[in-house]
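Colleague: I am new to this structure and would like to go through it by question and answer. Please show it first.

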Amino acid sequence: MEITLKAQGHENVTGRHRSTFEVTKDPEIGPTADCIIGVRADTACADLPEDFKLMLRRGARVEVILRAGGTEDRVVGVGHPKMTLQDGRSMVFRTSDYIDDRTVLIRCNKAARDLSRDLVRALKDPETVLTVKMRVLDVR
């Protein structure tokens, strides 16, 4: 199973956070929002298809393909039974085991600071479209 969502770049994207990256429906972010890599997203946790949420809650291992400005990066993380996936504004991808309503994946192999610098530079342009494809690799 795979789903794709879209977001936009923003001039304040820095991609410096040590343990997360985030995509939000919010149209604006401040200069300290170092985990947010995309704004004006068309999807948040609450909008994910129910069958995809079920797979995440069953501990699915998921590959995330981030594409923008002619470049891409790939991240792998897992779901967890305690995920609520209820937040209506954003999706957070975490390297840690921390779970809240915004968490879509934990134990990711990359945070914002680990993403391709070419990708992050592209996302500093508000006209850049970020495509986020999430593909289930396997379910425990």
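Modeller: One term is needed before we start: contact means heavy atoms within 4.5 Å. Keep in mind that this is a predicted model.

Colleague: Against which strands do the buried residues of H1 pack?

Modeller: Helix H1 covers residues 50–57, and its buried residues are Phe52, Lys53 and Leu56. Seen down the helix axis, these residues fall within an arc of 100°, so they line one face of H1. The strands that the buried residues of H1 pack against are E1, E4 (61–68), E7 and E8 (129–138).

Colleague: Which residue just after H1 takes a positive phi?

Modeller: H1 is the helix of residues 50–57. Just after H1 there is a residue with a positive phi of about 85°, and that residue is Gly59.

Colleague: In the open sheet of four strands, which strands stand at the edges?

Modeller: The order in this sheet is E3-E2-E6-E7, with mixed pairing. A strand with a single partner has one side left without a neighbour in the sheet, so the edges are E3 (36–38) and E7 (103–105).

Colleague: By how many degrees are neighbouring strands of this sheet turned against each other on average?

Modeller: The sheet in question is the open one with the order E3-E2-E6-E7. With direction ignored, the average turn between its neighbouring strands is 35°.

Colleague: Which residue in E3 stands opposite Val23?

Modeller: Val23 belongs to strand E2, residues 20–24, which pairs with E3 in the parallel sense over two bridges. Opposite Val23, in E3, stands Gly38.

Colleague: How many residues apart in sequence are the parts tied together by the pair of Phe21 and Phe93?

Modeller: A search of the whole structure finds one aromatic pair. Phe21 and Phe93 form this pair, which is stacked, with 4.5 Å centre to centre and 5° between the planes. Phe21 lies in strand E2 and Phe93 in strand E6 (residues 90–94), so the parts tied together are apart in sequence by 72 residues.

Colleague: Is Phe21 buried or exposed?

Modeller: Buried means under 20% relative accessible area. The relative accessible area of Phe21 is 0%, so Phe21 is buried.

Colleague: Which residue has its backbone nitrogen 3.0 Å from a polar atom of the side chain of His10?

Modeller: His10 is found in the loop between strands E1 (2–8) and E2. His10 is buried, with a relative accessible area of 6%, and among the residues it touches are Pro27, Val39 and Leu123. The backbone nitrogen that lies 3.0 Å from a polar atom of the His10 side chain is that of Asn12.

Conventions
Residues numbered from 1 in each chain as written. Predicted model: local features only at pLDDT ≥ 70, side-chain atom pairs only at ≥ 80, totals over all residues. Heavy atoms only, no water. Pairing = 2+ DSSP bridges. Axes fitted to C-alpha atoms, helices over the stretch in contact; angles between N-to-C directions. Phe/Tyr/Trp six-rings, centres within 6.5 Å; stacked < 30°, edge-to-face > 60°. Buried < 20%, exposed > 50% of the residue type's maximum accessible area, 1.4 Å probe, protein only. Polar contact = N/O pair within 3.5 Å; in protein donor to acceptor, adjacent residues only side chain to side chain. Arc of directions from axis to C-beta. Lists of a residue's contacts leave out its neighbours within four places in sequence.
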